[in-house]
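Reader: I should be grateful for a close look at the loops of this chain and at the charged pairs and helix contact that accompany them. Please take the backbone of the loops before the side chains.

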Amino acid sequence: MAQTASQIIALGAPAPDFRLPDTAGAPLSLAHFEDSAALLVVFMCNHCPYVKHISGGLAAFAREYAPRGLSVVAINANDPERYPQDGPEPTAREIERAGYIFPYLFDETQSVAHAYGAACTPDFYLLDGARRLAYHGQFDASRPGNSVPVTGSDLRAAADALLAGEPVPAQQEPSVGCSIKWKPGNEPA
């Protein structure tokens, strides 16, 4: 199983806007989450073993932090022609299977993934109330095949600090996962 790490992106960078459809075709944009104290944008997909490994923990994280003002949105940018299990219909089934309470959007053109600099699945972008990047790192140190339990400890520490108005830890370990499955000719330069 090949690993790809998330790219280093400057903390404090403004979040690129987006307008993407959910699995029912309803468009959502960054403005949809304007009332949230913080927003977690997660680039992920359905078939990646790294995403599958943390799916229960991510669902629990979203349920736990929603009452505290943190919203979550997932974005799938994989090429559904080469990876049909990542298309909108299988994604709707994955929402139900995993128990996700957050919208799961589809980036058909992959332009949003490019704008964010997303490289892997999962790739986490924790944004503050001004929608500036506060955390871009791993969920935790658990990986498929290692014995580390899925706790979300790294992301939880960042979210707890952000929601408490405290500095987010500057030491941020990159997320590791499968590479985004780019459409032919659409790979990042």
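Author: Pro122 lies in the loop that runs between strand S7 (120-121) and strand S8 (123-127). The model is a predicted one, and the description below should be read in that light. The peptide bond that joins Thr121 to Pro122 is cis, with omega at about 0 degrees. As a general matter, most peptide bonds are trans, and most residues other than glycine have a negative phi. The second part of that rule leads to two further loop positions.

Gln110 is located in the loop between strand S6 (104-106) and helix H3 (111-116). Its phi is near 65 degrees, a positive value in a residue that is not glycine. With a relative accessible area of 0%, Gln110 is buried, since the cut-off for that class is under 20%. Arg131, in turn, occupies the loop between S8 and strand S9 (133-135). Arg131 also has a positive phi, near 60 degrees, although it is a residue other than glycine. The relative accessible area of Arg131 is 10%, so this residue is buried.

The charged pairs may be considered next. Over the whole structure, a search finds five salt bridges. One of them pairs Asp160 with Arg68, and the closest N and O atoms of this pair are 2.9 Å apart. It connects distant parts of the chain, for Asp160 belongs to helix H4 whereas Arg68 sits in the loop between H1 and strand S5 (70-76), and 92 residues separate them. Asp160 is partly exposed, at 31% relative accessibility. Arg68 is likewise partly exposed, with a relative accessible area of 40%.

Asp160 also takes part in a contact between two helices. In this contact, Ala60, Phe61, Glu64 and Tyr65 of H1 meet Leu155, Arg156, Ala159, Asp160 and Leu163 of H4. Sorted by class, the residues of the contact comprise six nonpolar, no polar and three charged. As to geometry, the axes of H1 (residues 49-65) and H4 (residues 153-163) come within 12 Å and cross at roughly 15 degrees. Because that angle is under the 35 degrees that serve as the limit, H1 is roughly parallel to H4. The crossing of H1 past H4 is right-handed.

Two further salt bridges may be set beside that of Asp160. In one, the side chains of Glu94 and Arg97 meet with an N to O distance of 2.7 Å. Both residues belong to helix H2 (residues 88-98), and because they are three residues apart, about one helical turn separates them. The two partners fall into separate classes of accessibility: Glu94 is buried, at 10% relative accessibility, while Arg97 is exposed, at 52%.

In the other, the side chains of Arg82 and Asp79 form a salt bridge with an N to O distance of 3.8 Å, which satisfies the definition because the cut-off is within 4 Å. Here Asp79 is buried, its relative accessible area being 3%, whereas Arg82 is partly exposed, at 42% relative accessibility.

To return to the loops, the cis bond joins Thr121 and Pro122, Gln110 has a phi near 65 degrees, and Arg131 has a phi near 60 degrees. Arg68, also in a loop, is joined to Asp160 by a salt bridge.

Notes. Residues are numbered from 1 along each chain as its sequence is written. This is a predicted model: local features need pLDDT of at least 70, side-chain atom pairs count only at pLDDT 80 or more; totals for chains, interfaces and linings use all residues. Side-chain values use heavy atoms; hydrogens and water are left out. Axes are lines fitted to C-alpha atoms, for helices over the stretch in contact, and angles run from 0 to 180 degrees between N-to-C directions. Helices (H or I, at least four residues) and strands (E, at least two) are DSSP runs, numbered from the N terminus. Angles under 35 degrees count as roughly parallel, over 145 as roughly antiparallel, 65 to 115 as roughly perpendicular and the rest as oblique. A crossing is left-handed if the near helix is turned anticlockwise from the far one by less than a right angle, and right-handed if clockwise. Contact means heavy atoms within 4.5 Å. Ala, Val, Leu, Ile, Met, Phe, Trp, Tyr, Cys and Pro count as nonpolar, Asp, Glu, Lys and Arg as charged, and the others, Gly among them, as polar. Buried means under 20% relative accessible area, exposed over 50%, partly exposed in between (1.4 Å probe, protein chains only).
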